[in-house]
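Biologist: I would like a close look at the charged side chains in one part of this model, and at what lies around them. Please take it slowly, and keep to what the coordinates support.

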Amino acid sequence: MMRYGKSVATALAAVMMVLSAAGCGNNGQQAEKPQLVRTQTVSLSNGSAVGKYSGTVRGRYETALAFQTGGRILQRNVNVGDRVSAGDVLMVIDARDAVQKANQGDAAVSSARAQLTLAAANLRRYQELYNEEAVSAAVLDQYQTSYDAAQAAYENAVAQSVEGHNVLGYTNLTANASGVISAVNVEAGQVVAAGTPALQLVQTDELEVEIEVPEGDIESIQPGMRAEVTFWSSNGASVEGMVREVAPMADKVSRTYRVRVSVPELPQGIGLGMTASVSLTKPGSGGELAELPLTAIYQTGDTPSVWVVGEDGTVSLKNVSVEEYGDNTVRVDGLSDGDIVVTAGVHKLHEGQSVRVGDSEAGL
């Protein structure tokens, strides 16, 4: 019995040693597993960020259409949102007064023409009498003056007749370009004066984004500045833009400055009134810079560095030069476009360490 119990104890001890060795092996494998890190892919830009602003898609050319003559509106042919082409008749006013004025002009032309014909006949007759020395030069001068006055009266009548016919043409309000109707200010039956804005026409062949900039930022913004425009309705699609126009005066109510950003290539489906986010960048005087979160900087002595993930999955330190600090961000020089930089836990890494890339965010 003693010998049998001793054999069982020896067997149990051997099993425990095997299990302990297997457990140590698993811990070793877990320790060798590459560390998971958060990274950012570098996107270089030659300039410094000014700010990010909310904006609205507007047409570059927005025209307030108005009648050039007054009268009562007979019909309105468009509604808000309708697309129109150049030359389309949008509204019509009562043309009866304009017709009468045109008729009066035509009658005045006929009368003036008759007077001019009579003056010309008299001048020819007295010219012949003068050549025969039957009348004096003074008499001839009187008929010459009468002819000149009749000629001037005729030309004045013709001009007034043309004006009357122009007014007749002004009774139709036509589109000066192709676009969309964004506002209707008058209705049929309403009497309007010449120059009263009746419709708002927005040309849709060239759209841009309008933003409002506070007083503290306006000094840093100027025409030609680069802009990155992100449209919320297009799943965050971003396109390149450029500041086209900066208002010289602030709005009296909001105390902000209106800035127009031209966008040559809009994403599909972008329309008037849609919202956008505009990031403005001030052109820099040096090389291209990378914008990183402050947590990406690894300070060793006086030299700032960042951990760059190589193609083999290992990290290595790369010295950078800090050019500008922002809100929890830093702009650095010394990186290449497309570098993968570790942005969190940089003080837990060492040279040549293997890592696994986890969450990654695009360069700013």
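Biologist: What is the relative accessible area of Glu 215, and is this residue buried or partly exposed?

Modeller: This is a predicted model, and within it Glu 215 is partly exposed, with a relative accessible area of 43%. Its side chain meets that of Arg 255 in a salt bridge, with 3.6 Å from N to O. Glu 215 sits in the loop between E11 and strand E12 (226-231), whereas Arg 255 sits in the loop between E13 and strand E14 (256-262), so this pair ties together parts that are 40 residues apart in sequence. Arg 255 is also partly exposed, at a relative accessible area of 42%.

By the distance rule applied here, the model has 15 salt bridges, and another of them is formed by the side chains of Arg 244 and Glu 208, at 2.8 Å from N to O. Here the partners lie in strands: Arg 244 belongs to strand E13 (residues 237-246) and Glu 208 to strand E11 (residues 207-214), so the contact links parts that are 36 residues apart in sequence. The two ends of this bridge fall into separate exposure classes, since Arg 244 is partly exposed at a relative accessible area of 24%, while Glu 208, at 2%, is buried, the cut-off for that word being under 20%.

Arg 258 and Glu 245 make a further salt bridge, in which the closest N and O atoms are 3.0 Å apart. Because Arg 258 lies in strand E14 and Glu 245 in strand E13, the pair ties together parts that are 13 residues apart in sequence. Arg 258 counts as partly exposed at 31% relative accessibility, and Glu 245 counts as partly exposed at 29%. Through shared partners, salt bridges join Arg 58, Glu 62, Glu 208, Glu 210, Arg 244, Glu 245, Arg 258 and Arg 260 into one network.

The strands that carry these charged residues also supply nonpolar ones. The largest nonpolar core has 23 residues, and those with the most contacts inside it are Val 209, Ile 211, Val 229 and Leu 280. Strand E2 (47-59), E11, E12, E13, E14 and strand E15 (275-283) each give at least two residues to this core, and the largest share, four residues, comes from E11. Ile 211 shows what surrounds one such residue: setting aside its neighbours within four places in sequence, its contacts are Tyr 53, Ser 54, Gly 55, Tyr 257, Arg 258, Val 259, Val 261, Val 278 and Leu 280. Arg 258 is therefore both a contact of Ile 211 and a salt-bridge partner of Glu 245, as E14 and E13 are tied together by that pair. A second core, separate from this one, has 16 residues, including Ile 73, Ala 175, Ile 181 and Leu 201. As a general point, nonpolar side chains in soluble globular proteins tend to be buried together.

To return to your residue, Glu 215 is partly exposed and meets Arg 255 in a salt bridge.

Conventions: Residues numbered from 1 in each chain as written. Predicted model: local features only at pLDDT ≥ 70, side-chain atom pairs only at ≥ 80, totals over all residues. Heavy atoms only, no water. Salt bridge = Lys/Arg side-chain N within 4 Å of Asp/Glu carboxyl O. Buried < 20%, exposed > 50% of the residue type's maximum accessible area, 1.4 Å probe, protein only. Core = buried A, V, L, I, M, F, W, Y, C linked by side-chain atoms within 4.5 Å. Contact = heavy atoms within 4.5 Å.
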